[in-house]
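Welcome! Here is a friendly walk through one protein model, meant for someone who is seeing it for the first time. Have a look at the picture, then read on.

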Amino acid sequence: MVADRLYKIYTPVVIHKMNKKLKLWELDRVSEEEFKSQDKLPVTVVLDSIRSLTNVGTFFRTCDAFNVDKIYLCGITAEPPHREIQKTALGATESMEWEHRESISELILELKSEGKVICSIEQTEKTTLLQEVDKLPNDHYVLVFGNEVNGVDQEIIDHSDHIIEIPQFGTKHSLNVSVCAGIVIWEFTKKWID
Ligand SMILES: C[S@@+](CC[C@H](N)C(=O)[O-])C[C@H]1O[C@@H](n2cnc3c(N)ncnc32)[C@H](O)[C@@H]1O
C-alpha cells in the first residue's frame, strides 16, 4: 500500500526527468560556415513583393532551418540588413544565400530555362493539393510565394508548372504567407528525408 502511494507520487517526476528539454548548445547545430558549404535541399524560394518585413525575416529563418538552396527577393520585397527583418530572421540573413531581383518574370523564365520546376503557392481554379506533393518526382523546385494582399502575380501563375494549394477547413480565406511557407517547405523537405 505504501509502495503504491509512493509510485503515484513519484512516477510523474521520474517520467519528466527522462525527457529533459535541451539547452541551445545541446541542439548540435552546424556553424554558419558549415551551413554554407553543406549540400542544399533542391528547393529555391521566391518572394513576389512581400510587404511585411517580419514576414521576410520569418522566411529567412524557415529557409535556414530546412537547408533551402537560395532565396530570391523580388519587386518591393525589402532586403537585409534591416532591423525589422532581423527581429524574426535572428541571423539567418547571414547564413542563407539570397539575391534581389526587380523583375520576377525574368527570374522565373531564367530558372525555368535551367530546368527547375516552378511551383506557385496559391489558390487558383486548378491546383495540386499539398498532400499530393509526395507523388511529384524529386526535381529541383522553385516555390513562389505571393504578396499579402494580391497574391502571386497572374503572369507567374501562367508560367508555373504546378500551383500548390494548402487545403483549409476554417472561416478565413487564406493563411499568413510565412505560416504557409513553413507548412509548404516542410512538405517538400519530406520528399528528401523520408
Ligand atoms: C494572404 S495570401 C494572398 C491572398 C489571396 N491569395 C489573394 O490573392 O487574394 C498571401 C500568400 O500566401 C500564400 N497562401 C496563403 N494561404 C494559402 C493556401 N491556403 N494555399 C496556398 N497558398 C496560400 C500564397 O502564396 C499567397 O499568395
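In what follows, helices (H or I, at least four residues) and strands (E, at least two) are DSSP runs, numbered from the N terminus. With those names in hand, Pro167 can be placed in the loop between β7 and α8. Please keep in mind that this is a predicted model.

## The sheet

Let us begin with the strands. Seven of them form an open sheet in the order β3-β2-β1-β6-β4-β7-β5, and the pairing is parallel. At the edges sit β3 (98-101) and β5, each of which pairs on one side only. As background, strands of a sheet pair through backbone hydrogen bonds, either parallel or antiparallel.

Here are four of the pairings, with the bridges that join them.

| Strand pair | Sense | Bridges |
|---|---|---|
| β1 and β6 | parallel | five |
| β4 and β6 | parallel | five |
| β4 (residues 117-121) and β7 (residues 162-165) | parallel | three |
| β5 (residues 128-129) and β7 | parallel | two |

Some individual residues help you find these pairings on the screen. Between β1 and β6, Val43 stands opposite Tyr141. Ser120 is a handy landmark: its bridge partner in β6 is Val144, and in β7 it stands opposite Ile163. Further along, Leu129 stands opposite Glu165 in β7.

How many of the five residues of β4 are buried? Four of them are, so this strand is mostly covered. One helix to look for here is α6, which lies across β1, β2, β3, β4 and β6 and runs at about 165° to β1.

## The nonpolar core

In soluble globular proteins, nonpolar side chains tend to be buried together. In this model, the largest nonpolar core has 38 residues, and the members that touch the most others are Val45, Val46, Leu47, Ile71, Leu143 and Val144. Both strands and helices contribute: β1 (41-48), α3 (53-65), β2 (68-74), α4 (83-89), α6 (104-113), β4, β6 (141-145) and α8 (177-193) each supply at least two residues of this core.

Val144 is a good place to zoom in. Leaving out residues up to four places away in sequence, Val144 touches Val46, Asp48, Ile118, Cys119, Ser120, Ile121, Val152 and Ile156.

Another stop is Ala181, which is found in helix α8. Is Ala181 buried or exposed? Ala181 has 24 other C-beta atoms within 10 Å, and because 20 or more count as buried, Ala181 is buried. Apart from its neighbours within four places in sequence, Ala181 is in contact with Phe59, Thr62 and Phe145. Ala181 and Val45 are 136 residues apart in sequence, yet their C-alpha atoms are 9.2 Å apart in space.

## Around the ligand

The model also has a ligand. Of the 16 residues around the ligand, Gly146, Gly151, Ser174, Leu175 and Val177 come nearest. Sorted by class, this shell has seven nonpolar, six polar and three charged residues.

## Loops worth a visit

Back to Pro167, in the loop between β7 and α8. Why does Pro167 count as exposed? Pro167 has 8 C-beta neighbours inside 10 Å, and a residue with 12 or fewer is exposed, so Pro167 falls in that class. Not counting residues up to four places away in sequence, Pro167 touches Leu129 and Leu130. Pro167 and Gln123 are 44 residues apart in sequence and 9.3 Å apart in space, C-alpha to C-alpha.

Some loops also hold backbone details. Pro80 and Pro81 are joined by a cis peptide bond, with omega about 0°; Pro81 lies in the loop between β2 and α4.

Ser49 has a positive phi of about 55° although it is not a glycine. You will find Ser49 in the loop between β1 and α3. Ser49 is partly exposed, with 18 other C-beta atoms within 10 Å.

Asn67, too, is a residue other than glycine with a positive phi, near 60°. Asn67 lies in the loop between α3 and β2. Asn67 counts as partly exposed because it has 18 C-beta neighbours inside 10 Å.

Conventions
Residues numbered from 1 in each chain as written. Predicted model: local features only at pLDDT ≥ 70, side-chain atom pairs only at ≥ 80, totals over all residues. Pairing = 2+ DSSP bridges. Core = buried A, V, L, I, M, F, W, Y, C linked by C-beta atoms within 7 Å. Contact = placed C-beta atoms within 7 Å. Near = placed C-beta within 6 Å. Nonpolar A, V, L, I, M, F, W, Y, C, P; charged D, E, K, R; others polar. Axes fitted to C-alpha atoms, helices over the stretch in contact; angles between N-to-C directions.
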